[in-house]
Amino acid sequence: MSRTVYVNGVYVPEEEARISVFDRGFLFADGVYEVTSVLGGKLIDFAGHVARLHRSLGELELTLPVTDAELLAIHRELVARDGVEEGMVYLQVTRGAADRDFAYPEAAVPSLVLFTQSKPLIDSASARNGIRVITVPDLRWARRDIKTVQLLAPSICKMMAKKAGKDDAWMVEDGFVTEGTSNNAYIVTTDGVIVTRQLGTEILHGITRAAVLRLAREAQMKVEERPFTVEETKAAAEAFFTSASAFVTPVIEIDGAAVGAGTPGPVATRLREIYIAESRAHAI
Ligand code: PMP
């Protein structure tokens, strides 16, 4: 069955959705995106995603062509039209179409595209079994805090993992793990401390990260926001990652070495449960 795509003010079947070849999203990866998860037909942490969207747009002097209320209405309309119970809504804002020029064109009108993707989020093999990662050099640019559509570097890193027969890559810079190809990375030390890299331009400021760290602190778990190494990961009791569509997912192996017992650990398992319960309770 064909999905509905929202493109610049209209809802069309996906086969009819069109964007100009002169759109700077296509020519320069000049655009930003967000992915909001859907559980029980409702949006998870919509406010957080919109806040980060505005931050990304601001950093690139881009403007959102609709109001936040209109953006929420579009999300809801697509979820309803496509009958999404579990999955995600993808949204992308690009600078729009203009003659090819490195300078931002003044006259371009930003393009807005949204579509849904149905997918089981709660019941996933990764969550049940944990995933295996390899480490790779972080090949990305210096402004990873801006959620741009230029995703070739993480795609290359993900392919390295796939070719190695593993599930994902943790990217490493100056000896420290930055993050996963499309998620934030964590370890749990043998003292039970949750460690994840502090916010900065080196990583994306995950919306799930913010929620999970808040919930961990509320549950009296100890959290340290600092860089950690691959060696620390190998010596850790547990490792896990977070993202909007994978929630909290255990990591059971890094570069062929088992992390902890080599099975999903209690901290990741508990955080996943707490996060899902909280998300369901506050979904809109
Ligand atoms: N880091 C990177 C590089 C990502 O691509 C993502 C997901 N888009 C995340 C972290 C996780 O962010 P969020 O929890 O907002 O999905």
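Start at the ligand and select arginine 52: an N or O atom in its side chain is 2.8 Å from an oxygen atom of the ligand, a polar contact (a pair of N or O atoms within 3.5 Å). Keep in mind that this is a predicted model, where local features need pLDDT of at least 70, side-chain atom pairs count only at pLDDT 80 or more, and totals for chains, interfaces and linings use all residues. Numbering runs from 1 along each chain as its sequence is written, and side-chain values use heavy atoms, with hydrogens and water left out.

Now click isoleucine 207, where a backbone N or O atom lies 2.8 Å from an oxygen atom of the ligand. Alanine 244 has a polar backbone atom 2.8 Å from a ligand oxygen atom. Show the whole surroundings and you get 17 residues, each with a heavy atom within 4 Å of the ligand; Arg52, Lys147, Glu179, Thr208 and Ala244 come nearest.

Next, select helix H6 (residues 207-218) and helix H8 (residues 266-282). Helices here are DSSP runs (H or I, at least four residues), numbered from the N terminus. Their axes, 10 Å apart, make an angle of about 110 degrees, so H6 and H8 are roughly perpendicular (65 to 115 degrees). Thr208, Ala211, Val212, Arg214, Leu215 and Ala216 in H6 meet Leu271, Ile274, Tyr275 and Glu278 in H8, with contact meaning heavy atoms within 4.5 Å.

Last stop: helix H2 (residues 46-59) with helix H3 (residues 68-81), packed at about 125 degrees with axes 12 Å apart. H2 and H3 are therefore oblique to each other, outside the ranges for roughly parallel (under 35), roughly antiparallel (over 145) and roughly perpendicular (65 to 115). Highlight Phe46, Val50, Leu53 and His54 in H2, which meet Asp68, Leu71, Leu72 and His75 in H3.

Definitions and conventions
Axes fitted to C-alpha atoms, helices over the stretch in contact; angles between N-to-C directions. Helix = DSSP H or I, 4+ residues; strand = E, 2+ residues; numbered from the N terminus. Polar contact = N/O pair within 3.5 Å; in protein donor to acceptor, adjacent residues only side chain to side chain.
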